[in-house]
Amino acid sequence: MSKSIYIRALHAEDLAAIVDIEDRTTGIARPEYWKERIELSESVRPHWASLIAELDNRVVGFLFGKRGELEFGLPGTIAWIEIIGVHPAYRHKGVARELVEQFTSSAGDHGIKNIFTLVSKDNKEMENFFAKVGFAEGKLVHFQKI
Ligand SMILES: CC(C)(COP(=O)(O)OP(=O)(O)OC[C@H]1O[C@@H](n2cnc3c(N)ncnc32)[C@H](O)[C@@H]1OP(=O)(O)O)[C@@H](O)C(=O)NCCC(=O)NCCS
């Protein structure tokens, strides 16, 4: 039987684990950035929008999101997934899927049906992952000042 993944709200004590996962993934450690980001999540953002995944009694993944209302000319409220990360030793075990499903379900509980994220065209890994967990290319076009 596969071990169960436990998803819960994110807290300040998760800082070290999040810094470690990003460091293992990108080679960059940003404790100050994540400290501020967690404070923002705990004070301003809805609690259901920042999640931790545990497996083997340790933090193995995280998801940061937010809700947005009447943004970018869109009607209604939208939930955005801003960043998701899974410890490299715990990938391909369904951790990120569980995080996205919990996020989607909690957004639904708050009357939000539209879940958006942004993925770089150069990042096939994330594009393939989001396609696997039920996302498709949307109708927004990303512009940047040249
Ligand atoms: C992409 C990522 C979130 C996937 O996490 P994961 O826990 O391994 O994903 P899951 O096991 O839940 O996989 C869900 C589905 O996506 C697929 N998938 C996962 N990683 C994939 C990849 N790299 N390429 C293609 N498909 C992928 C799985 O096969 C699975 O599909 P299936 O159920 O049909 O088999 C993880 O690899 C990661 O954290 N990458 C780094 C992301 C990053 O740079 N974050 C910012 C810094 S931390």
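# A walk from Gly 134 back through the sheet

Start by selecting Gly 134: just after helix H4, this glycine takes a positive phi of about 100°. (Helices here are DSSP runs of H or I with at least four residues, strands are E runs of at least two, and both are numbered from the N terminus.) Before going further, a word on what you have open. This is a predicted model, where local features need pLDDT of at least 70, side-chain atom pairs count only at pLDDT 80 or more, and totals for chains, interfaces and linings use all residues. Residues are numbered from 1 along each chain as its sequence is written.

**Stop 1: helix H4**

Step back from Gly 134 and colour H4, residues 124–132. How many of the 9 residues of H4 are buried? The number is 0, so the helix lies largely in the open. The yardstick is a count of other C-beta atoms, placed from the backbone, within 10 Å of a residue's own: 20 or more makes it buried, 12 or fewer exposed, and anything in between partly exposed.

Now pick Phe 129, which sits in H4. Phe 129 counts as partly exposed because it has 18 C-beta neighbours inside 10 Å. Draw a distance from its C-alpha to that of Arg 97 and you should get 8.8 Å, although the two are 32 residues apart in sequence.

**Stop 2: the ligand**

Arg 97 is a handy link to the ligand, so to speak: select the shell of 21 residues around it, where Gly 85, Arg 91, Ala 96, Arg 97 and Asn 128 come nearest. A residue is in if its C-beta atom, placed from the backbone, lies within 6 Å. Which element gives the largest share of this shell? That is H4, with 5 residues. Helix H1 (15–26), E4, H3 and H4 each supply at least two.

Colour the shell by class and you'll find 9 nonpolar, 6 polar and 6 charged residues. For that tally, Ala, Val, Leu, Ile, Met, Phe, Trp, Tyr, Cys and Pro are nonpolar, Asp, Glu, Lys and Arg are charged, and the others, Gly among them, are polar.

**Stop 3: helix H3**

Next, select residues 95–109, the 15 residues of H3. At 1.5 Å a residue they should span 21 Å, and the end C-alpha atoms are indeed 21 Å apart. (The expected span is 1.5 Å times one less than the number of residues.)

Show the side chains of Val 95, Ala 96, Glu 98, Leu 99, Val 100, Phe 103 and Ala 107, which are buried. The buried residues of H3 pack against strands E1 (6–9), E2 (50–55), E3 (58–69), E4 (77–86) and E5 (114–117), and against helix H4; contact here means C-beta atoms, placed from the backbone, within 7 Å.

For a contrast, click on Thr 104, also in H3. With 18 C-beta neighbours inside 10 Å, Thr 104 counts as partly exposed. From Thr 104 to Tyr 6 it is 16 Å, C-alpha to C-alpha, with their positions 98 residues apart in sequence. Follow the chain on past H3 and you meet Gly 111, whose phi is positive, near 80°.

**Stop 4: the strands**

Hide the helices and look at E4 and E5, which run parallel and are joined by 4 bridges. (Strands pair if DSSP finds at least two bridges between them.) Ile 78 has Asn 114 in E5 as its bridge partner. Bring H3 back, and E4, H3 and E5 make a right-handed β-α-β unit: with the strands pointing away from you, the path from the first strand over the helix to the second runs clockwise.

On to E3, which runs antiparallel to E4 with 9 bridges. Lys 66 stands opposite Trp 80 in E4. E3 also pairs with E2, in the antiparallel sense over 6 bridges, and there Leu 51 stands opposite Leu 63 in E3.

**Stop 5: two loops**

Most residues other than glycine have a negative phi. Asp 56 has a positive one, about 55°. Zoom in on the hairpin of E2 and E3, with 2 residues between the strands, and you'll find Asp 56 in the turn. Asp 56 counts as exposed, with 9 C-beta neighbours inside 10 Å.

Last, go to the loop between E3 and E4 and select Phe 72. Phe 72 has a positive phi of about 55° too, although it is not a glycine. Buried or exposed? Phe 72 is exposed, with 8 other C-beta atoms within 10 Å.

Methods:
Contact = placed C-beta atoms within 7 Å.
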